[in-house]
Amino acid sequence: MKKLCALLAICFLSVLLTGCGNTSTVPAGSAEPGSGNGSAVIPKPAEPTPSTGSAIDAAIGSGSSNAQDDPNVRVYRDCTITVLGYSLHTDSEGEPTVRVEYEFHNNSQKPASFSTTVIPNAYQGTDPQTDADAESLSYASPAEPDAEYSALLTLVNPGKSITCAGYFKLTDTTQPVIVEIKDLRDSSADALYRTLDIANMAVSAASLDEETK
């Protein structure tokens, strides 16, 4: 009887051990079907290739933008100049002058001013684009204090803009004035030219869209 009980016990243990050996395992880091645990490893997407340039970079790199939609604007390497308008005045000596208003935007990495970045000139009775010996008008000083005239020398931080104004002494008040703005730091850049029609103008601001050619 004792031998029979011992044999039955041995058979029971064998069956139990066989069942334990068939238990399935789940690899670490993967999800068991039907469970809420674990996560799939998602490959990190490749980093996008950075752009090597843009339209504005190309314009700056070439010295000036030849694709300007606005003829009153010129993009240079270190600045962008916009001719905003003009008006007739008398200078500190009582002589007739034309006041030309600009916007100066600093494209460089250092503080800069209008006067240290570009060269403005004006002409009457001659065209500097066709006459290499064209004589420019003399610079003039305003009869009254003008904050925008003083702003010609104001240092502007990179990425910032300022409005400034320059005065030129006229030879007469009927002939058109050709304004020329050259890049002081890049002699290969194209100059900005605007023709200002001052005939019959009163001492008031003129819109470039209406008065220039």
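1. A salt bridge is taken here as a side-chain nitrogen of Lys or Arg within 4 Å of a carboxyl oxygen of Asp or Glu. By that criterion the side chains of E101 and R99 meet in a salt bridge, with an N to O distance of 3.1 Å. The model under discussion is a predicted one, and the distances quoted in this note should be read as values computed from that model.

2. The pairing of E101 with R99 belongs to a wider arrangement, since R99, E101, D146 and E148 are linked in a network of salt bridges. Within this network E148 forms a salt bridge with R99, and the closest N and O atoms of that pair are 2.6 Å apart. The pair links distant parts of the chain, with E148 in helix α3 (residues 147-150) and R99 in strand β3, 49 residues apart. As to accessibility, R99 counts as buried because its relative accessibility is 11%, whereas E101 counts as partly exposed at 22% and E148 likewise counts as partly exposed at 24%.

3. How many salt bridges does a search of the whole structure find? The search finds seven. Another salt bridge is formed by E93 with K169, where the closest N and O atoms are 3.4 Å apart. E93 lies in the loop between β2 (79-90) and β3 (96-106), while K169 lies in strand β6 (residues 161-169), so this pair ties together parts that are 76 residues apart in sequence. The two partners fall into separate accessibility classes: E93 counts as exposed, with a relative accessibility of 60%, and K169 counts as partly exposed, with a relative accessibility of 24%.

4. A point that deserves attention in any treatment of charges is R74, which lies in strand β1 (residues 73-75). R74 is buried yet has no salt bridge, and the nearest side chain of opposite charge, that of D190, is 5.7 Å away. Since a salt bridge requires the nitrogen and the carboxyl oxygen to be within 4 Å, the separation of 5.7 Å between R74 and D190 does not qualify. The side chain of R74 does, however, reach backbone oxygens: that of A191 at 3.1 Å, and that of D190 at 3.5 Å.

5. N72 is found in the loop between α2 (55-61) and β1. With a relative accessibility of 5%, N72 counts as buried, and its side chain is joined to that of R194 by a polar contact of 2.5 Å.

6. What is unusual about the backbone of N200? Most residues other than glycine have a negative phi. N200 is not a glycine, and yet its phi is positive, at about 65 degrees. The residue sits in the loop between β8 (192-196) and β9 (206-207), and N200 counts as exposed because its relative accessibility is 79%.

7. On the surface, I119, Y139 and L184 form a nonpolar patch, with about 280 Å² of accessible area together. One of these residues, I119, lies in strand β4 (residues 118-124), and at 32% relative accessibility I119 counts as partly exposed.

8. L153 lies in the loop between α3 and β6 and counts as exposed, given its relative accessibility of 63%. Once its neighbours within four places in sequence are left aside, L153 is in contact with S113 and S115. L153 and C164 are 11 residues apart in sequence, and their C-alpha atoms are 8.9 Å apart in space.

9. For the protein as a whole, the secondary structure comes to four helices and nine strands, which follow one another along the sequence in the pattern α-α-β-β-β-β-β-α-β-β-β-β-α. Of the 213 residues, 33% count as buried. The accessible surface comes to about 13,400 Å², and carbon and sulfur atoms hold 55% of that area. Among contacts with a separation of 6 or more, residues 24 or more positions apart account for 64%.

Terms used. Residues are numbered from 1 along each chain as its sequence is written. This is a predicted model: local features need pLDDT of at least 70, side-chain atom pairs count only at pLDDT 80 or more; totals for chains, interfaces and linings use all residues. Side-chain values use heavy atoms; hydrogens and water are left out. Helices (H or I, at least four residues) and strands (E, at least two) are DSSP runs, numbered from the N terminus. Buried means under 20% relative accessible area, exposed over 50%, partly exposed in between (1.4 Å probe, protein chains only). Lys and Arg count as positive and Asp and Glu as negative; His and the chain ends are not counted. A polar contact is a pair of N or O atoms within 3.5 Å; within protein, one must be able to donate a hydrogen and the other to accept it, and residues adjacent in sequence count only if both atoms are side-chain atoms. Patches are made of residues with over 30% relative accessible area and no salt bridge: like charges are joined within 9 Å, nonpolar side chains (Val, Leu, Ile, Met, Phe, Trp, Tyr) within 5 Å. Accessible areas come from the Shrake-Rupley method with a 1.4 Å probe; for residues, only the protein chains shown count as cover. Contact means heavy atoms within 4.5 Å.
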